[in-house]
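Visitor: I would love a close look at one small part of this protein. Could you show it to me first, and then walk me through that part and what surrounds it?

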Amino acid sequence: TKSGEVDQERQAHAMADPDIQDILRDPVIQNVLQDFQTDPKAAQRHLQNKGIMEKIEKLIAAGVLKTN
């Protein structure tokens, strides 16, 4: 689909962004992303931290993370 192609381009562009790379390398963010898959309640607790929430929102805005 056309929108899928646009998402891939946006994601590739985001992955080249040093800020996005730094967020994805952050061990805390890696744990949060893992928790989204394995322990959603723990992930929700992480999101109560303003700094973590801002980083997750930045990943979503960049198209790196998708929300349901």
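Visitor: Let's pick Gln21: is Gln21 buried, partly exposed or exposed?

Guide: Happy to help! Please keep in mind that what you see is a predicted model. Gln21 has a relative accessible area of 29%. To count as buried, a residue has to fall under 20%, and to count as exposed it has to be over 50%. Gln21 is therefore partly exposed, because its 29% sits between those two cut-offs.

Now let's find Gln21 in the fold. Gln21 belongs to helix H2, which covers residues 18–25. Once you set aside the neighbours within four places in sequence, Gln21 is in contact with Met15 and Ala16. With Met15 you can look at one particular pair of atoms: a polar atom of the Gln21 side chain lies 2.8 Å from the backbone oxygen of Met15. You can also compare sequence with space here. Leu59 is 38 residues away from Gln21 along the chain, yet their C-alpha atoms are 9.8 Å apart.

For a contrast, turn to Ala42, which is found in helix H4. Ala42 has a relative accessibility of 8%, so it counts as buried. Between the C-alpha atoms of Ala42 and Asn31 there are 9.7 Å, while 11 residues separate the two in sequence.

Let's step back to the whole protein. There are 5 helices and 0 strands, and reading along the sequence gives the pattern α-α-α-α-α. Of the 68 residues, 25% count as buried. The accessible surface comes to about 5,100 Å², and carbon and sulfur atoms account for 51% of that. As for contacts between residues at least 6 apart in sequence, 55% of them join residues at least 24 apart.

One last stop is the largest pocket, which holds about 270 Å³ of space. Helix H3 (27–38), helix H4 (40–46) and helix H5 (50–62) are the elements that each give two or more residues to the lining of this pocket. Among the lining residues you can look for Leu33, Phe36, Pro40, Leu47, Met53, Ile60 and Lys66. Sorted by class, the lining has 8 nonpolar, 3 polar and 1 charged residues.

So, to return to your choice: Gln21 is a partly exposed residue of helix H2, with Met15 and Ala16 as its contacts beyond the neighbours within four places in sequence.

Technical notes:
Residues are numbered from 1 along each chain as its sequence is written. This is a predicted model: local features need pLDDT of at least 70, side-chain atom pairs count only at pLDDT 80 or more; totals for chains, interfaces and linings use all residues. Side-chain values use heavy atoms; hydrogens and water are left out. On a 1 Å grid over the protein atoms alone, a cavity is a set of points where a 1.4 Å probe fits but cannot get out, and a pocket is an open set with protein on both sides within 12 Å along at least five of seven lines; lining residues have an atom within 4 Å of a point. Grid points are joined across faces, edges and corners, and a volume is the space filled by probe spheres set on the points. Helices (H or I, at least four residues) and strands (E, at least two) are DSSP runs, numbered from the N terminus. Ala, Val, Leu, Ile, Met, Phe, Trp, Tyr, Cys and Pro count as nonpolar, Asp, Glu, Lys and Arg as charged, and the others, Gly among them, as polar. Buried means under 20% relative accessible area, exposed over 50%, partly exposed in between (1.4 Å probe, protein chains only). Contact means heavy atoms within 4.5 Å. Accessible areas come from the Shrake-Rupley method with a 1.4 Å probe; for residues, only the protein chains shown count as cover. A polar contact is a pair of N or O atoms within 3.5 Å; within protein, one must be able to donate a hydrogen and the other to accept it, and residues adjacent in sequence count only if both atoms are side-chain atoms.
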